[in-house]
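Work through the exercises below with the sequence and the model at hand. Each task is followed by a stepwise solution.

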Amino acid sequence: LHKINDHDLNLFVQLEDSIIRGLTQEKTEVLQVIRESKGSLEDKLRLYLIYYLNKDNVPAGEIEELEAAITKEAPYFSATSFIKKTKAFSTVINRKPVEPVRDQGG
């Protein structure tokens, strides 16, 4: 119980749950928790990944700002590049195909 309180885990769990349920998609809230909480680097990285994976079209500047707040020293940080590539690939694969324009020649 002390570890939960010492690392602000309730705060992380509540925000992660809100993001997954689609109740919040606010970068400012995520950024504030990453910067100001007592959570571990793993907790902060998990929150970032949940936010990133559950939000469509995250602007590059927003990603850079969140990643800078976590620091590149977070364990498994290198996995973020793989996850970004996977998400981009999934987005391309899941796009609805465009119907070809048929010549209505007359």
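A polar contact is a pair of N or O atoms within 3.5 Å; within protein, one atom must be able to donate a hydrogen and the other to accept it. The model is predicted.

**Exercise 1.** Place aspartate 43 in the fold and list polar partners of its side chain.

Solution.
- Step 1: Aspartate 43 belongs to helix α4, which covers residues 41-54.
- Step 2: The backbone nitrogen of serine 40 lies 3.0 Å from the side chain of aspartate 43.
- Step 3: A polar contact of 3.2 Å joins the side chains of aspartate 43 and arginine 46.

**Exercise 2.** Decide why aspartate 43 is classed as buried, partly exposed or exposed.

Solution.
- Step 1: Buried requires a relative accessible area under 20%.
- Step 2: The relative accessible area of aspartate 43 is 8%, so this residue is buried.
- Step 3: For the protein as a whole, 32% of the 106 residues count as buried.

**Exercise 3.** Describe the largest nonpolar core and the elements that build it.

Solution.
- Step 1: The protein has six helices and zero strands.
- Step 2: The largest nonpolar core holds 20 residues, and Ile19, Val30, Ile34, Leu47, Tyr48 and Leu66 have the most contacts inside it.
- Step 3: Two or more residues of this core come from each of α2 (9-21), α3 (27-36), α4 and α5 (60-70).
- Step 4: The most are given by α4, with seven residues.
- Step 5: Leaving aside residues up to four places away in sequence, isoleucine 19 touches Thr24, Gln25, Val30, Leu47, Ile50, Tyr51 and Asn54.

Note on methods:
Residues numbered from 1 in each chain as written. Predicted model: local features only at pLDDT ≥ 70, side-chain atom pairs only at ≥ 80, totals over all residues. Heavy atoms only, no water. Helix = DSSP H or I, 4+ residues; strand = E, 2+ residues; numbered from the N terminus. Buried < 20%, exposed > 50% of the residue type's maximum accessible area, 1.4 Å probe, protein only. Core = buried A, V, L, I, M, F, W, Y, C linked by side-chain atoms within 4.5 Å. Contact = heavy atoms within 4.5 Å.
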